[in-house]
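Trainee: I have a model to go through with you. Can we test each label against its cut-off?

Mentor: Yes. Put it up.

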Amino acid sequence: MAKVHITLVGGQPAPVYHGIVATQPDKVVFIYSESSLDAVTKVKREIQISVDEQPPLDTTDPQIIMERAKSLAETYKNDEVTINISSGLKSWSHLFGRVFDAVPNASVIYMDQNNVLWDYRTMEKKTDFLFDMDVLFRLQGNALTHFVSYSDYTEEDKKTMDTLINARKYNCGSFNKLMTLLSKEWEGKLNNQQSGCFSISENNFVEWEKPDFVRLTLNTKKYGNQEFLMESPHAVSMAFHTAWFEYKVARMLSHWRYAKDIRLNCIFPPKNTNSVKYPKNEIDVVVNTGTKILFVECKTQINSSTDIDKFRTAVKNYGGMGSKALFVTDNVMNDLQKEKCRESGIIAFSLQDTTIGSNKKQELFKILEQELFNINTK
């Protein structure tokens, strides 16, 4: 008696793949339409299991759908069968469910967004199988190959972050002009030169040498000149474009019990070039929670509400329906920004928000855990 897994396939390949991983069958049967063939192809690349090749199935005609279900039930009547109805069309789920629920050697199963497998014959659940974040990215058609692991950062990098925070407090205006709001000319030098110097006045300038040296000098009328010296493995990459803030958020999340793997500076290049020079999209931080991916956008403040829209689109494209989204700002979000986050299914969190308690880290973890296992509706 072989273990045969019949799986309906729609636009979301993740529950199809996870159903196969959870049941560990000897053979897989994909039920798909012409429009979901691409999802089948992606899942096949990730498995090393025999496949019973089937032609595409009609999407609407109940007679044709029922005939396919009955034919497969007859073909595998002497085997141990599981039928995964998590993906695919509702018409398929209903009719295949009717047929196989009446077959004694079969179990109808469902994989939810928390990667919990539910067996509708025994009414029991199964959770003890591996969630692979990299596989999910590949299934979504966007492999994540360009990133920095949180574990690569050192205590010296932490000192660099602290120094940058102090420098920003010392003279925020000059800091932003030198380190954050770079002109096209400065951007080009930073991207293409090994070392350089940016200056906005005699006493406000920054010198840098990749990858590990930054010297920043800032001036205020009240306190005069102050030098901020940074030497660490990621000093230059952290100093510019508020990457220090992304690292600050990642450090907070590293203490969360559900954070299994944290990656920063996640770049999704175009498929035809695989080049990071002109990325298709960038995600500040991604976290493998063990059951799903948490996408994190980090900004000291939101300058345009379109930032929220872009982030929401990226999460859906790269993480699928089951992923979660967190938008973290340093400055407090206004009511419109908070409302847009709520409408987009994004968790909003501001480090300077005095209404959420003094222990920001624990408050963030509490909010995340309230939302992590909720099912996304859109």
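Mentor: Start with a definition: helices are DSSP runs of H or I with at least four residues, and strands are E runs of at least two. The model is predicted. The chain has 13 helices and 17 strands.

Trainee: What makes β3 (50-51) a strand?

Mentor: A strand needs at least two residues in an E run. β3 spans 50-51, so that minimum is met.

Trainee: Why do β4 and β5 count as paired?

Mentor: Pairing takes at least two bridges. Strand β4 (residues 80-84) and strand β5 (residues 106-111) have four, in the parallel sense. So they qualify. One bridge joins N84 to I109 in β5.

Trainee: In what order do the strands of the open sheet run?

Mentor: The order is β3-β2-β1-β4-β5-β6-β7, seven strands with mixed pairing.

Trainee: Why are β3 and β7 called edge strands?

Mentor: Each has a single partner strand, so one side of each lacks a neighbour in the sheet. Helix α1 (residues 14-23) packs on this sheet, and β7 is among the strands it touches. The direction of α1 makes about 165° with that of β1.

Trainee: Why is W118 called partly exposed?

Mentor: Buried means under 20% relative accessible area and exposed means over 50%. W118 has 31%, so it counts as partly exposed. W118 sits in strand β6.

Trainee: What makes W118 eligible for a patch?

Mentor: Patch residues need over 30%. W118, at 31%, passes. With Y120 and M123, W118 makes a nonpolar surface patch of about 320 Å².

Methods. Residues are numbered from 1 along each chain as its sequence is written. This is a predicted model: local features need pLDDT of at least 70, side-chain atom pairs count only at pLDDT 80 or more; totals for chains, interfaces and linings use all residues. Side-chain values use heavy atoms; hydrogens and water are left out. Contact means heavy atoms within 4.5 Å. Axes are lines fitted to C-alpha atoms, for helices over the stretch in contact, and angles run from 0 to 180 degrees between N-to-C directions. Patches are made of residues with over 30% relative accessible area and no salt bridge: like charges are joined within 9 Å, nonpolar side chains (Val, Leu, Ile, Met, Phe, Trp, Tyr) within 5 Å. Accessible areas come from the Shrake-Rupley method with a 1.4 Å probe; for residues, only the protein chains shown count as cover. A salt bridge is a side-chain nitrogen of Lys or Arg within 4 Å of a carboxyl oxygen of Asp or Glu. Buried means under 20% relative accessible area, exposed over 50%, partly exposed in between (1.4 Å probe, protein chains only).
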